[in-house]
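The following report sets out selected features of a single structural model for a reader in computational chemistry. The sequence and the structure are shown first.

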Amino acid sequence: MKAIHIYRNGGPDVLEWVDVELPPPGPGEVRIRHTAIGLNFSDINVRSGGFYVTDATKFPVTLGNEAAGVIESLGAGVTGFRLGERVAYVGTGGLFFENTGAYAQQRNVAADCLVRLPDDIGDQQAAALLLKGLTAAVIVNRCFRPGPTDTVLIHAAASGVGSLLAQWCHALGATVIGTVGSAAKAEFAHAHGCTHTILYRQDDFVTATRKLAPGGVAAVFDGVGQDTFVRSFDVVRAFGALVNYGNASGPVPPFPLILLAQKGCLVLHRPGFGWYANTVETRQQACDELFEMVRDGRLQVEICATYALEDAAEAHRAVEAGRTTGSVVLTT
């Protein structure tokens, strides 16, 4: 089979389309023929040698944590699944710089990582939804659930997770302010749950947010990290919540804990979805909730572009250049 490997860290050019021998699935494993693979910022971070990478990284590395496809074969002891069944997975144990391998035509994964796909959820939808949707779910259901009297600020509101969060908060009745990088992304964000948008390249988001919410917002949902998070303390109301779920601009820099008290007794969250859906039962339940929200129109899964898996380097360039909104999916 073919897969994308990296043999060193670097730019998109280090992504290589190579031949790989895949052994039969081991006990408790299934072999999946991938049809759609989600591209996530963690893939770019691992490729570039960012903060997710440790000294223990051993090359070659196959990127990717999220995919959908069809079961091709079953390892010994696997029950409850059948050949030809459509399934998806997000993560296969460990952190997101560990146990990667989705950038491949086929893969052996533990059966207890899989989620069954209903007939009305397509493979590309699933690959675009699971990680981003489960991240949004842990934020809304475990960190801060906004209501009709709340205003929230969502950084990168036109991104995959950001646009799902904006729609979810809007469905709960909240007023949503979103930061975006261009007029086109502002239009996208308005169509996906945002009441107001701030073009952060033109306007200071702290000043603009304070004009829209003079008393401060109830919560900030931030997937940008280094460039936005600490400054966001200045827009949150007393006893409000700050949720950092990603680090697109780099990790949040160290800050003194007392700053939370000085800024209004703020509550700080740094979630990881794996702790939210860490068993077969809780994962399937959480995914079923997402599928139902797509089904009834509360969440629109926007796939802005698809690329053939062999063209993963071009997909990485597009995401890093900020040319994308919503989700990007690789196909086989």
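The sections below treat the sheets, the helices, the cysteines and several single residues.

This is a predicted model, in which local features need pLDDT of at least 70 and side-chain atom pairs count only at pLDDT 80 or more, while totals for chains, interfaces and linings use all residues. Residues are numbered from 1 along each chain as its sequence is written, and side-chain values use heavy atoms, with hydrogens and water left out.

**The parallel sheet and its helices**

Helices (H or I, at least four residues) and strands (E, at least two) are DSSP runs, numbered from the N terminus. Two strands are said to pair if DSSP finds at least two bridges between them. An open sheet of six strands follows the order S10-S9-S8-S11-S12-S13, and its pairing is parallel. Its edges are formed by strand S10 (196–199) and S13; each has a single partner strand, so one side of each is left without a neighbour in the sheet. From one strand to the next, the twist averages 15 degrees. Within this sheet, strand S8 (residues 151–154) and strand S11 (residues 217–222) are joined in the parallel sense by three bridges, and Leu153 has Val220 in S11 as its bridge partner.

Helix H4 (residues 183–191) packs on the sheet, where it touches strand S9 (175–180) and S10, and its direction makes about 160 degrees with that of S10. Such angles run from 0 to 180 degrees between N-to-C directions, with axes being lines fitted to C-alpha atoms, for helices over the stretch in contact. Contact means heavy atoms within 4.5 Å. Helix H5 (residues 205–212) lies across S8, S9, S10, S11 and strand S12 (236–244), and runs at about 160 degrees to S10.

**Strand S5 and its partners**

Residues are called buried under 20% relative accessible area, exposed over 50%, and partly exposed in between (1.4 Å probe, protein chains only). Strand S5 (residues 86–90) has four of its five residues buried, so it is largely enclosed by the rest of the structure. Strand S4 (residues 66–74) pairs with S5 in the antiparallel sense over five bridges, and Val70 has Arg86 in S5 as its bridge partner. S5 is also joined to strand S7 (residues 115–116) by two bridges, again running antiparallel; here Val115 in S7 is the bridge partner of Ala88.

**Helix packing**

Helix H2 (residues 123–143) and H7 pack with their axes 9 Å apart, at an angle of about 105 degrees. The two helices H2 and H7 are therefore roughly perpendicular to each other, a class that covers 65 to 115 degrees, whereas angles under 35 degrees count as roughly parallel, over 145 as roughly antiparallel and the rest as oblique. On the H2 side, Gln125, Leu129, Leu130, Gly133, Leu134 and Asn141 meet Ala286, Cys287, Glu289, Leu290, Phe291 and Val294 in H7.

In helix H8 (residues 312–320), the buried residues are Ala312, Ala313, Ala315, His316, Ala318 and Val319. These buried residues of H8 pack against strand S1 (2–5), S3, helix H1 (41–48), strand S14 (303–308) and strand S15 (327–331). Gly322, just after H8, takes a positive phi of about 75 degrees.

**Cysteines**

A disulfide is a pair of cysteine sulfur atoms within 2.5 Å; a search of the whole structure finds zero of them. The closest cysteine sulfur to that of Cys113 belongs to Cys287 and is 12 Å away, too far for a bond. For Cys143, which is in no disulfide, the nearest cysteine sulfur is that of Cys169, 12 Å away.

**Single residues**

The table gives relative accessible areas for four residues.

| Residue | Relative accessible area | Class |
|---|---|---|
| Cys113 | 7% | buried |
| Cys143 | 17% | buried |
| Gly28 | 29% | partly exposed |
| Trp275 | 74% | exposed |

Gly28 is found in the loop between strand S2 (16–19) and strand S3 (29–39). The C-alpha atoms of Gly28 and Val78 are 5.1 Å apart, although 50 residues separate them along the chain. Beyond its neighbours within four places in sequence, Gly28 contacts Ala76, Val78, Val109, Ala110 and Ala111.

Trp275 is found in the loop between strand S13 (267–269) and helix H7 (280–295).

Thr35 lies in strand S3. Its side chain makes a polar contact with the side chain of Asp123 at 2.6 Å. A polar contact is a pair of N or O atoms within 3.5 Å; within protein, one must be able to donate a hydrogen and the other to accept it, and residues adjacent in sequence count only if both atoms are side-chain atoms.
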